[in-house]
Amino acid sequence: MKILDLKNGIFVLETENTHYVLGVDKNGYNRHIHWGKKCDVKDYRIFNWGDENSNHTTLDEMKQECTAFGQTMYRECVLKATFPDGCREINSKFIGSKIEGSTLTLTFSDKLYSLEYDLSYTLYDKGDIITRSITVRNTGNEPINFEHLYSAEFTLPSIKPYKFRNTNGAWGGEFVETESCLDGGSLVFESRKGISGHNNSPYFIAHQDADEKCGKVYFGSLAYSGNFKVKATRDLYGITRIIIGMNDFDFGYTLGGGEEFTTPAVHFGMTEGFGEMSRQMNRFCVDNVLPKQFNDKILPVLYNSWEATEFNVSVEGQTKLAELAADMGVELFVMDDGWFGARNNDRAGLGDWYVNKEKFPNGLDELIQNVNNLGMDFGLWVEPEMVNPDSDLFRAHPEWAYHYDTREACELRHQLVLNMTRSDVQEYILNVLDKLLTDHNIKYIKWDMNRPFSETGAENLDNPKMLYYLHTKAVYDIVDTLKERHPDVAIESCSSGGGRSDLGALTHYDQAWTSDNTDGIDRMTIQKGYSLLRPTKTMRAWVTDIAGINKPCSLDFRFNIAMQGALGVGGNLLNYSKEDLEICKKNIALYKEIRDIVQFGDLYRILDADKDEVLMNQYVTADKSRSVAFIAARGTRFYKKRLPLTFDGLDENKRYSFEFWGEKHTMSGSYLMNVGIPTHIHGAYYNKIIVLEEVK
């Protein structure tokens with residue numbers, strides 16, 4: 001990995017397999033030159049030409065790394081600002097470049113006004129992922145107001161149309177993939193609800209005819225949990241461009257004199273095939289994105305009490321569940337909603353983060369001690385950003401919720417959103433959570449956020465359109481502070497399911513709740529979408545009593561699906577038979593044997609449940625000595641399906657032992673990957689897990 005300054009205004013970012021090339025032309029414009037396979041660096045150059053006519057200017061056609069609003073550029077822009085005198089055009093000149101370690105920075109400034117901005121690119125020791133962002137600086141005394149402040153602009157190399165993959169999901173149906181061909185005009189994927197959301201995802205995946213193994217795939221993922229926008233356009237010349245960053249919907253950012261601001265990062269790359277894209281991003285996120293306390297640690301098997309008790313929690317009831325969970329092999333017991341304030345339903349108590357004395361007359365430590373005595377850590381559910389109008393907090397501080405004095409508040413889920421841009425609100429949330437973690441032996445926090453924003457009034461802000469960013473930053477800052485003060489506490493990001501599971505959240509939280517939909521059949525689709533650009537180990541996956549919304553599935557089947565992430569159990573164990581509890585115990589023991597492969601291994605998506613009727617996902621260790629394959633079918637058409645199961649990611653020269661259908665086998669990696677083993681799949685409950693071990 002290296003950065004080459006060719007001394008002619010051109011810079012080459014060389015990764016393991018690719019070149020990303022940019023530069024500055026003789027007029028001082030930033031230029032995009034190449035993104036793809038490596039070439040002879042002596043051949044890279046910048047071409048210049050004149051306007052085609054008065055309606056199609058060379059500036060509007062120019063391939064850039066960062067388009068600023070102004071002059072005769074009419075396409076979508078990355079930067080757009082209003083200067084103190086009312087001028088709304090940026091006219092830049094190149095100031096200089098610097099290479100510091102693995103980071104290249106190009107600096108530009110407006111020719112008249114006190115605006116400077118840096119385009120920054122960071123390389124890593126391995127792989128093909130690059131990180132980029134933009135830093136804007138106000139070198140004067142008067143404020144500059146931004147309307148657009150995106151993180152990056154990309155230009156794809158071919159003039160042929162590209163297909164774009166994203167998600168078009170919903171609550172309970174997160175990460176459902178969609179694919180659209182862009183042959184003209186524009187495509188937009190965005191969130192406007194204050195969080196990255198359940199619908200579209202803050203990334204782009206562009207290709208022409210790629211599949212899991214072959215074909216060039218261009219991708220970039222935004223590390224940001226607030227409103228985002230990804231906009232792809234294709235012009236009359238066949239040039240496809242992408243901008244990605246904070247959404248310009250209801251957005252503004254005031255940059256005061258002497259201040260600077262760095263946009264959320266974008267992690268991007270080019271690979272051959274979707275599978276390699278996912279594997280590279282998985283490794284990259286584990287090494288460079290996730291918080292360092294737990295990024296390289298095995299995540300524990302947890303039990304969550306919500307389905308069993310909902311709001312009706314007590315020492316006795318939770319202890320009974322804990323005893324059953326411990327006997328099954330669970331390592332972390334998490335008590336969900338209902339433990340605080342006057343919280344007997346979802347209509348009251350949010351914001352009052354003190355222990356309910358009626359439910360816990362001896363305090364929380366009695367239950368925690370019971371759980372610890374059973375050999376498990378203890379975790380707790382919280383929803384710090386929200387408040388019920390029926391709460392002590394709201395009665396004392398109604399002004400702490402986002403509001404307009406002239407509008408009636410919308411109480412989605414009987415709750416309002418706290419104004420996290422206020423320092424007193426931030427101080428309150430930090431203090432109550434810090435006190436909980438200081439006073440009690442809590443090792444895990446499930447941080448929830450169950451509704452989008454509305455009535456976004458923030459009278460404390462001079463520029464209220466900054467609230468979406470400032471709210472997101474406040475959440476990050478509080479989580480980071482809690483982790484600094486309590487480094488042995490893991491924190492999970494939850495937002496009514498997977499509404500905040502982007503790489504921004506995963507820069508601060510240790511894992512994410514994937515979806516409130518724990519149906520084993522639906523999860524086959526949901527978890528595939530999650531795996532595209534997010535790390536496997538962060539994907540919390542529970543086995544619950546939702547035994548197949550669309551078609552019933554067995555307890556073993558549900559474990560098969562949930563074991564493909566960070567395993568949890570969430571069913572009502574009090575209703576489980578002895579046989580059910582033994583199934584749980586057996587599967588948890590198996591997961592503990594293979595979870596290092598799942599959480600840190602390379603994922604190969606071999607068969608797709610939606611396209612092939614059969615799901616087959618395989619995880620392989622970095623040294624290719626161990627592997628585990630999960631095969632599941634939700635019911636094949638016409639009664640049965642006979643097919644050879646071929647594997648992937650193995651060492652063709654190694655031999656592997658495994659058991660399948662009660663028989664032990666030893667076969668070479670080359671045979672398993674090219675010939676495979678025959679199987680007969682039939683019925684609604686097909687479920688097999690194959691563990692392969694290298695034969696020394």
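The exercises below, each with a worked solution, concern a predicted model.

**Exercise 1. Find which residues touch the most other members of the largest nonpolar core.**

Begin with the core itself, which has 86 residues. Within this core, Trp339 and Trp447 are the residues that touch the most other members. A separate second core should then be kept apart from it: this one has 58 residues, among them Tyr20, Leu115, Leu156 and Met246.

**Exercise 2. Decide whether strand S14 is largely enclosed or open, and explain why.**

The first step is to look at burial along the strand, which covers residues 203–207. Five of the five residues are buried, so S14 is largely enclosed by the rest of the structure.

The second step is to sort these residues by face. In a regular strand, side chains point alternately to the two faces of the sheet. In S14, one side carries Tyr203, Ile205 and His207, while the other carries Phe204 and Ala206, and with all of them buried both faces are covered.

The third step is to identify strands that pair with S14. Strand S11 (residues 162–167) runs antiparallel to S14 and is joined to it by three bridges, with Phe164 standing opposite Ala206. Strand S15 (residues 216–222) is also antiparallel to S14, and five bridges join the two; here Ile205 has Phe219 as its bridge partner.

**Exercise 3. Work out where the buried residues of helix H5 lie around its axis.**

First list the buried residues of H5 (residues 365–373), which are Leu367, Ile368 and Val371. Looking down the helix axis, one finds these buried residues within an arc of 100 degrees, so they line one face of H5. The general geometry helps here: an α-helix has 3.6 residues a turn, so residues three or four places apart point the same way.

Next, ask what covers this face. The covering elements include helix H4 (315–328), strand S22 (332–335) and strand S23 (377–382). Finally, look at what follows the helix: Gly375 comes after H5 and has a positive phi, near 90 degrees.

**Exercise 4. Classify the aromatic pairs Tyr20 with Trp35 and Phe154 with Phe268, and locate their partners in the chain.**

As background, the structure holds 33 aromatic pairs. The rings of Tyr20 and Trp35 lie 5.7 Å apart, centre to centre, with 70 degrees between their planes, and this pair is edge-to-face. Tyr20 belongs to strand S3 (residues 18–24) and Trp35 to strand S4 (residues 30–37), so placed that the partners are 15 residues apart. Tyr20 counts as buried because its relative accessibility is 0%, and Trp35 counts as buried because its value is 2%.

The pair of Phe154 and Phe268 is edge-to-face too, at 4.9 Å centre to centre and 65 degrees between the planes. Its partners are 114 residues apart, Phe154 in strand S10 (residues 144–155) and Phe268 in strand S20 (residues 266–272). Both Phe154 and Phe268 are buried. As a last step, join the pairs: Tyr20, Trp35, Phe154 and Phe268 belong to a cluster linked by ring pairs, which also includes Tyr121, Tyr162, Phe204 and Tyr218.

**Exercise 5. Determine whether Lys483 is buried or exposed, and name its contacts.**

Lys483 is part of helix H8 (residues 467–485). Its relative accessibility is 4%, and because buried means under 20%, Lys483 counts as buried. When residues up to four places away in sequence are not counted, Lys483 touches Pro291, Gln293, Phe294, Val489, Ile491, His508 and Asp510.

For two other charged residues, consider the rings beneath them. The charged end of Arg523 sits over the ring of Trp513, 5.2 Å from the ring centre, and that of Lys688 sits over the ring of Trp661, 3.7 Å from the centre.

**Exercise 6. Describe the phi angle and the exposure of Gln71 and Glu613.**

Start from the general rule that most residues other than glycine have a negative phi. Gln71 has a positive phi, near 55 degrees, and is found in the loop between helix H1 (58–61) and strand S5 (79–82). With a relative accessible area of 32%, Gln71 is partly exposed.

Glu613 likewise has a positive phi, near 70 degrees, and lies in the loop between helix H12 (609–612) and strand S32 (614–620). Its relative accessibility is 21%, so Glu613 counts as partly exposed.

How values were computed:
Residues are numbered from 1 along each chain as its sequence is written. This is a predicted model: local features need pLDDT of at least 70, side-chain atom pairs count only at pLDDT 80 or more; totals for chains, interfaces and linings use all residues. Side-chain values use heavy atoms; hydrogens and water are left out. A nonpolar core is a set of buried Ala, Val, Leu, Ile, Met, Phe, Trp, Tyr and Cys residues joined through side-chain atoms within 4.5 Å. Buried means under 20% relative accessible area, exposed over 50%, partly exposed in between (1.4 Å probe, protein chains only). Helices (H or I, at least four residues) and strands (E, at least two) are DSSP runs, numbered from the N terminus. Two strands pair if DSSP finds at least two bridges between them. The arc is that of the directions from the helix axis to the C-beta atoms. Contact means heavy atoms within 4.5 Å. Rings of Phe, Tyr and Trp (its six-membered ring) pair if their centres lie within 6.5 Å; planes under 30 degrees apart count as stacked, over 60 as edge-to-face and the rest as tilted. A charge sits over a ring if NZ of Lys or CZ of Arg is within 6 Å of the ring centre and within 35 degrees of the ring normal.
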